[in-house]
Amino acid sequence: MSKLNSFKSIADQQIVLQLRNLNKIFNTDTPLENHVLHDISLQISPGELVALVGTSGSGKSTLLNIMGLLDVSSSGELCIQGNSIQGLCEQKRTQLRSESIGFVFQFHHLISAFSVLDNVLMPLMLRYGKPSAEQISYAEYLLNEVGLANFKHQKTNRLSGGQQQRVAIARALVTRPALILADEPTGNLDTQTADEVFSLFERFNVEHQCAIIIVTHDPRLSSRCPRTVCLTDGRIVYDGVSVDFKIP
Ligand SMILES: Nc1ncnc2c1ncn2[C@@H]1O[C@H](COP(=O)(O)OP(=O)(O)O)[C@@H](O)[C@H]1O
Ligand SMILES: [Mg+2]
């Protein structure tokens, strides 16, 4: 267990992510000032599968980037596994991000010159350098889980879009994160491939008990998540069970 985590209370550890009254304003005090997120409060427990929905421009990616410590809020509080990120230096933020969070984006950002296996190992290599035998075998296990065991030595640019996204999912899981943030991960996939990729999220959510927040425009997929959070103009207008959610 890292130093960052050593002083957490048991109660705090049970909440993966907590946001309190979070605001984001771009270009503050300029003519282009844009108040994008308004008083966002949200709590995510271990093993939750949450759909984050809302029209284009409603602030989903901005929120995900802040939750993933890729961007900072203008005000409000953010805790990840009981660690308040307020006042953390960049190095500690990076440590917390790489310990706790995995990312999957619409465009997978794989490194085409590298093999499938090395792409999956990348988050570990960035953090620890040369991967251990145990890390390599876990990456191989994940590639097997996403159905790509036979492709591990291939370059990623020879894979289909769905296969590349499955590599990106294995890469997000390789650090065993408590939280996966996925920003429209099925956005550029055909319906059947999107279904298959989404099923992988469902499976890993159950088997690894990692909390997953998934941005999707597809009501078929959001309805498969037990919980839906809907943003309209940067405000949470719905947070509850998906079956009761009506598009505003
Ligand atoms: N870096 C930025 N600088 C200024 N405005 C931004 C920036 N990123 C996003 N925005 C604005 O924030 C709003 C929400 O964008 P975004 O979070 O990308 O929405 P969504 O992901 O829901 O489509 C938009 O009005 C967008 O123009
Ligand atoms: Mg977006």
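The paragraphs below walk through this predicted model, from its bound ligand to its two sheets and one loop residue. Residues are numbered from 1 along each chain as its sequence is written, while chains are lettered from A and ligands numbered from 1 in the order in which they are written. Because the model is predicted, local features need pLDDT of at least 70, side-chain atom pairs count only at pLDDT 80 or more, and totals for chains, interfaces and linings use all residues; side-chain values use heavy atoms, with hydrogens and water left out.

Let us start at ligand 1. Its shell, meaning residues with a heavy atom within 4 Å of it, is made up of F26, N27, N34, V36, T55, S56, G57, S58, G59, K60, S61 and T62. By class, 2 of these are nonpolar, 9 polar and 1 charged; here Ala, Val, Leu, Ile, Met, Phe, Trp, Tyr, Cys and Pro count as nonpolar, Asp, Glu, Lys and Arg as charged, and the others, Gly among them, as polar.

Some polar contacts (N or O pairs within 3.5 Å; within protein, one atom must be able to donate a hydrogen and the other to accept it, and residues adjacent in sequence count only if both atoms are side-chain atoms) can be followed here. A polar backbone atom of G57 lies 2.7 Å from an oxygen atom of ligand 1, and for a backbone N or O atom of S58 the distance to a ligand oxygen is 3.2 Å. K60 takes part through its side chain, with an N or O atom 2.8 Å from an oxygen of ligand 1. On its own the ligand exposes 560 Å², and the protein buries 60% of that (Shrake-Rupley method, 1.4 Å probe). Strand 2 (34-44) and helix 2 (60-67) each give two or more residues to the shell, and helix 2 has the largest share, with 3 residues. Helices (H or I, at least four residues) and strands (E, at least two) are DSSP runs numbered from the N terminus.

Helix 2 also leads us to a sheet. This open sheet of 4 strands runs in the order 2-1-4-5 with antiparallel pairing, where pairing needs at least two DSSP bridges. Strand 2 and strand 5 (83-84) are its edges with a single partner each, so one side of each has no neighbour in the sheet. Strand 1 (17-26) and strand 4 (75-80) are joined by 5 bridges, and Q18 stands opposite C79 in strand 4. Helix 2 packs on this sheet, touching strands 1, 2 and 4 (contact means heavy atoms within 4.5 Å). Its direction makes about 125 degrees with that of strand 1; axes are lines fitted to C-alpha atoms, for helices over the stretch in contact, and angles run from 0 to 180 degrees between N-to-C directions.

In the loop between helix 2 and strand 4 sits S73. The side chain of S73 reaches the backbone oxygen of S75 at 3.4 Å.

The other open sheet has 6 strands in the order 6-7-8-3-9-10, with mixed pairing. Strand 6 (101-105) and strand 10 (235-241) stand at the edges, each with a single partner strand, so one side of each is left without a neighbour. Strand 9 (227-232) pairs with strand 10 in the antiparallel sense over 6 bridges.
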